[in-house]
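Me: I should like to learn how to read the features of a protein model, one at a time. Could we begin with the place where two parts of a chain meet?

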Amino acid sequence: VGPKIFQYVVKVIAQAVQLLYTMLRIDRPSYILLQNPPGLPSIAVAWLVCLVRRSKLIIDWHNYGYTIMSLIHGRNHPLVQIAKWYEKLFGRLSDYNLCVTSAMKEDLWKKCNIKAITLYDKPASYFKETPLELQHQLYMKLAKVYEPFKAHTESVNSSAERSAFTEMDHKNRCVTKARGRPALLISSTSWTEDEDFSVLLKALEDYEEFINEGIKLPSLVCVITGKGPLKEYYNQLIDKLHFKHIQICTPWLEAEDYPLLLGSADLGVCLHKSSSGLDLPMKVVDMFGCCLPVCAIHFDCLHELVKHNENGLIFRDSNELAEQLKLLFLDFPTLEGKLENFRRNLRASKQLRWDESWDQTVLPLFGQNE
């Protein structure tokens, strides 16, 4: 009830009271580890609880909350300016700080006089390449609901169980990749203002045109996963597209199916543009855990994760993305070419997993400050 600003203030006060009540009732913690954003009102509440209970506050900076607010309200909006002041003030009152990029570490020190340790996001252990048998089971499961996963051609083997990508011989239970299969492209999103999916849709239109011009490219199945406020808007745009060689679906996957699909895909696409220019997309971290090469849209510190022409490609607009799709899928599905070379590089990199990274970077922080 009432003006938006009134609703917002009431919501923040109610959350602060609830959070304070809850945190004062739990056993006294030695440390409170807080991820920011969201930081309003949680940073102030966590600081107050630490003060009362003689605990230490660790803030894990993933981005700035005020820059996310500015996507909706604009940078000069009074609410955004208040949020910026609040975040800097209470951020300085923390005992220790973690952040997700070296660029953010430098920015925190320069603008807020906050010393932070860089803790890069790493994939959990269950993000890995999916064995062919599990791929087939996943495709058959998804084919019950989503048309692009269904087989659209007849198999030479009448006893085979088929999806669009794989087939299994019932006699020997052997799974093989389907001949003439489409390429599987995946992107994940929270459908918010910091990801412009019209860039991908325009690139797909260009890709369709390449095929119509006679360039030998595979058909595409494009899967965009996730939930969020702009999903309906983009679904309406997708419905207006009439592709002959491209199918798009926007499923909400069960938690256990998402890493399996990443580990089965041929290429990942990331359209995350950091609101601050200082955080990295977790979806790319998970894709790399699955040894899935990526095309990612450029922003300032992306090079800390995506190495252009080594584990993926960086693009700036839809035209550049379309050209990259053409380049990567020109030899599909052979084991030669850039796409497979990127995958080999990811396999060879043997990157740390989340728990290993935590043990190396954060655990000593607790020990030395006991």
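Reply: Begin with the buried area, that is, the accessible area (1.4 Å probe) that two parts lose on being put together, summed over both. Between domain 1 and domain 2 about 1,100 Å² is buried, and carbon and sulfur atoms give 62% of this area. Please note that this is a predicted model, in which local features need pLDDT of at least 70 and side-chain atom pairs count only at pLDDT 80 or more, while totals for chains, interfaces and linings use all residues. Residues are numbered from 1 along each chain as its sequence is written, and side-chain values use heavy atoms, with hydrogens and water left out.

Me: Which elements give two or more residues to the side of domain 1 that touches domain 2?

Reply: Helices (H or I, at least four residues) and strands (E, at least two) are DSSP runs, numbered from the N terminus. Here the elements in question are α3 (65-73) and α5 (102-112). By class, this side of domain 1 has 8 nonpolar, 5 polar and 4 charged residues. In that scheme Ala, Val, Leu, Ile, Met, Phe, Trp, Tyr, Cys and Pro are nonpolar, Asp, Glu, Lys and Arg are charged, and the others, Gly among them, are polar.

Me: Where do domain 1 and domain 2 lie along the chain?

Reply: Domain bounds come from an automatic or database domain assignment. In this chain, domain 1 comprises 4-122 + 356-367, and domain 2 comprises 132-349. Their C-alpha centres are 34 Å apart.

Me: How many residues of each domain are in contact?

Reply: Contact means heavy atoms within 4.5 Å. By that rule, 17 residues of domain 1 touch 12 residues of domain 2.

Me: How many salt bridges are counted between domain 1 and domain 2?

Reply: A salt bridge requires a side-chain nitrogen of Lys or Arg within 4 Å of a carboxyl oxygen of Asp or Glu. The count between domain 1 and domain 2 is 0.

Me: Which residues are joined by a cis peptide bond with omega of about 5°?

Reply: That cis bond joins P37 and P38, and P38 is found in the loop between β1 (31-36) and α2 (42-53). Another cis peptide bond, with omega of about 10°, joins L40 and P41; P41 also belongs to the loop between β1 and α2.

Me: What is the phi of W191?

Reply: W191 has a positive phi of about 50°, although it is not a glycine. W191 lies in the loop between β8 (183-188) and α7 (198-212).
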